[in-house]
Amino acid sequence: MIPGLATQLAPPFRLVVTHFIAGLLLLPVVWALLLVDPSPLSGGLFGNRLLAVVHVTALGFIAPIVIGALYQIVPVVLGVRLTSVKAGWTALALVLAGLAGMAAHFWMGRFSPGLAIASTLAAAGLFLAASNLIASLRFVKSWSFGGVLIAVSLVFLLAAAGLGLALALNLVFPYFSSDHVSWLKVHAHLALVGWLGSVVMGATHKLIPMFTLGPEPPSRASAGAAALVFGGLFLLFAAWRGIAPHESGSVGAVALIAGAGTYAALLVRSFAKRARKEIDTGLRHVLAAGAALLAACLIALAAVLPGFLGPLWVVRFSLAYGFLLFGTVVVLIIGMLYKILPFLVWYHRYADKVGLEPVPTTRDIFSEGTARLLFPGHITGGLVVLFGILAGEPILLRAGATILFIVNAGTARLLIGTISRRDDGDS
Amino acid sequence: MATVDEVRAALRQVIDPEIGHNLVDLGLIYGIDVEEDRVGVTMTFSTPGCPMHDVLVTGVERVVRALPGVSKVDVKVVWDPPWHPGMMADSVRKALGR
Ligand code: HEM
């Protein structure tokens, strides 16, 4: 059984799955964009088309799915009701409308007032979603490690969106001094390490033991690992912004990686003690995400070691680092969706019927076989894109983007099919 | 009056939706007491704090109450002794790859 994913306190099923559907439909768009023009991953950093691709992934795929999942998980893990369902719908509409404008402006390289408006809409959507969830947290009676990290993640989301908006406004009406690249790095890391890192730690702490029937990693040690990650992150920020000496950045990077490594080791220990030895496709994705994260850390270390790489390789390694960080999150989300979504659909459709009539199991409503077939495609596509980035080779990038487009469209079809599955007698 | 074996057989109809095995073979049913038309079921779950408990407890009540001669069902969820994989039937353990 997957305990703890459904409850009377949860918001309407439609709100949660609409977030999932939006994200699933937008992921193939990322690969379609890179098929049209692979240069964002073979050129330099900070190109306008790279910004388009990054934000379609971040605001189109990651944000809707993570926020939709939080709407479901927060009531369950923390025992509180979502403050406003209406605000949940409004936030999604704002993020998607804002994203459409941001992606179009970034793609065309037009830093006009339209970009400022679009970014304001997207940021307003993220603020609304985060504050809606934070308002629910006021009523929490007992906090767990997972709950605290979810709260922390929302604060990081607010900060990342706020700084993203400031950077977008700066592109339209420049006001940051020449050091705006340091703010850019802070923004990207607030989002990718602060927001997503805490979501990942908070969610896996509860969900991995549930899925595998293993013990939860000890809360104290997990909290220590998280403190190392966030402490390291703030040291990095301080070094980038010139508040702390340059060397403290290296200490920060080491602390961050040590924290992430410690947390991963705690998860691995829980995983090793699991009752359920079978490793299904969802869990394979989780393991692949762990491998991508490890590769991202190694590549980041190589890129920041002074004199280790020439300037061209520093750029390629930095792109590969970003790709692997995003890859970690995307693969983890897909793996978690394979586990969570069939269960939610099951609960919505059949919970009332248990004991009254035979009900299907989650395996009956979700094709594990199709998911298993898609998995090697994910890995192959990801590796081809990674080698394309390292070689600066557009043909490889296009080949990888084609594979990932097909595989992600297949994933969307599989999961949306599970959501919209109709049984005989279904109303 | 229903027999303990009949109650156990009825409980085999309640399937954990994700693992795909019934509560009896998963080792989650600790005890069954039958007294006239009253049946008591003592059971556990693999993890505490699970809202799915409600669904499965309701399922247990329903299948037992549907037995002829049963008019009252009392389901007690306990955490001691804590459930462990060794409590599963061999067939389930094998199916789960242990
Ligand atoms: C409403 C929300 C957001 C806005 C308005 C926004 C805006 C921006 C802008 C304007 C830049 C480029 C800054 C410049 O070149 O000066 C940027 C870069 C970046 N953003 Fe965001 N952002 C938002 C949310 C996010 C989120 C949620 C993520 C990740 C999960 C993210 C990840 C990144 C990354 C990785 C870069 C650097 C890309 C590169 O190296 O070229 N952003 N963002």
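Which residue is the bridge partner of Gly31(B) in β2(B)? I will begin there, with a single pair of residues, and the answer is that Gly31(B) has Thr42(B) as its bridge partner in that strand. Before I build outward from this pair, please keep in mind that what we have in front of us is a predicted model, for which the scores are ipTM 0.80 and pTM 0.89.

Let me stay with chain B for a while. The pair I opened with belongs to the ladder between β1(B) and strand β2, residues 38-43 of chain B, where six bridges join two strands that run antiparallel. Further along the same two strands, Ile32(B) is partnered with Val41(B) in β2(B), and Val34(B) stands opposite Val39(B). On to the next strand: β2(B) also pairs with β3(B), this time in the parallel sense and again over six bridges, and one of the partnerships here is that of Gly40(B) with Asp74(B) in β3(B).

Taken together, these strands form an open sheet of three strands in the order β1-β2-β3 of chain B, and the pairing is mixed. The edges are β1, residues 29-35, and β3, residues 72-77, each of which pairs on one side only. If direction is ignored, neighbouring strands of the sheet are turned against each other by 15 degrees on average. Helix α1 of chain B, residues 4-11, packs on this sheet and touches β1 and β2 of chain B, and the direction of the helix makes about 135 degrees with that of β1(B).

Two backbone details in chain B deserve a moment. As background, most residues other than glycine have a negative phi, and most peptide bonds are trans. Against that background, look at the hairpin of β1(B) and β2(B), which has two residues between the strands and in which Glu36(B) takes a positive phi near 55 degrees. Glu36(B) lies in the loop between β1 and β2 of chain B, and this residue counts as exposed because its relative accessible area is 62%, where the cut-off is over 50%. The second detail is a cis peptide bond, with omega about 0 degrees, which joins Asp80(B) and Pro81(B); Pro81(B) lies in the loop between β3 and α3, residues 90-95, of chain B.

Now I turn to chain A, and to the metal site. Which residues of chain A coordinate the iron atom of the ligand? They are His55(A) and His187(A), each through its NE2 atom, at 2.0 Å. His55(A) lies in helix α2, residues 48-78 of chain A, whereas His187(A) lies in helix α6, residues 180-212 of chain A, so the pair ties together parts that are 132 residues apart in sequence. Both of these histidines are buried. The arrangement around the iron atom is octahedral, because the six donor atoms subtend angles of 87 to 180 degrees.

One of these histidines brings us to a neighbour, Phe106(A), which lies in helix α3, residues 85-108 of chain A. Leaving aside residues up to four places away in sequence, Phe106(A) touches eight residues that I can simply read out: Asn48(A), Arg49(A), Leu51(A), Ala52(A), His55(A), Phe111(A), Leu115(A) and Leu171(A). Phe106(A) is buried, because its relative accessible area is 4%, where the cut-off is under 20%. Gly47(A) is 59 residues away from Phe106(A) in sequence, while the two C-alpha atoms are 8.9 Å apart in space.

Elsewhere in chain A, Ser248(A) has its place in helix α8, residues 246-272. Ser248(A) counts as buried at 11% relative accessibility, and, again leaving aside residues up to four places away in sequence, Ser248(A) touches Leu235(A) and Ala239(A).

Finally, a word on confidence. Chain A has a mean pLDDT of 91, with 96% of its residues at 70 or more, and among its elements the lowest mean, 85, belongs to helix α11, residues 362-365, and the highest, 98, to α3(A). Over residues 1-5 of chain A the pLDDT is below 50, although this stretch has 30 contacts in the model beyond near neighbours in sequence. Where pLDDT is low, the predicted coordinates should not be read in detail. For chain B the mean pLDDT is 88, and 92% of the residues reach 70 or more; confidence there is lowest in α3(B), at a mean of 84, and highest in β2(B), at 96, the strand that holds Thr42(B), the partner with which I began.

Key
Residues are numbered from 1 along each chain as its sequence is written. Chains are lettered from A and ligands numbered from 1 in the order in which they are written. This is a predicted model: local features need pLDDT of at least 70, side-chain atom pairs count only at pLDDT 80 or more; totals for chains, interfaces and linings use all residues. Side-chain values use heavy atoms; hydrogens and water are left out. Helices (H or I, at least four residues) and strands (E, at least two) are DSSP runs, numbered from the N terminus. Buried means under 20% relative accessible area, exposed over 50%, partly exposed in between (1.4 Å probe, protein chains only). Contact means heavy atoms within 4.5 Å. Donors are N, O and S atoms within 2.8 Å of the metal (3.2 Å for Na, K and Ca); water is not among the atoms, so sites may look incomplete. Four donors count as tetrahedral if all angles lie between 85 and 135 degrees; four count as square planar and six as octahedral if opposite donors are over 155 degrees apart and all others between 65 and 115; anything else is irregular. Two strands pair if DSSP finds at least two bridges between them. Axes are lines fitted to C-alpha atoms, for helices over the stretch in contact, and angles run from 0 to 180 degrees between N-to-C directions. pLDDT is the predictor's confidence in each residue, from 0 to 100.
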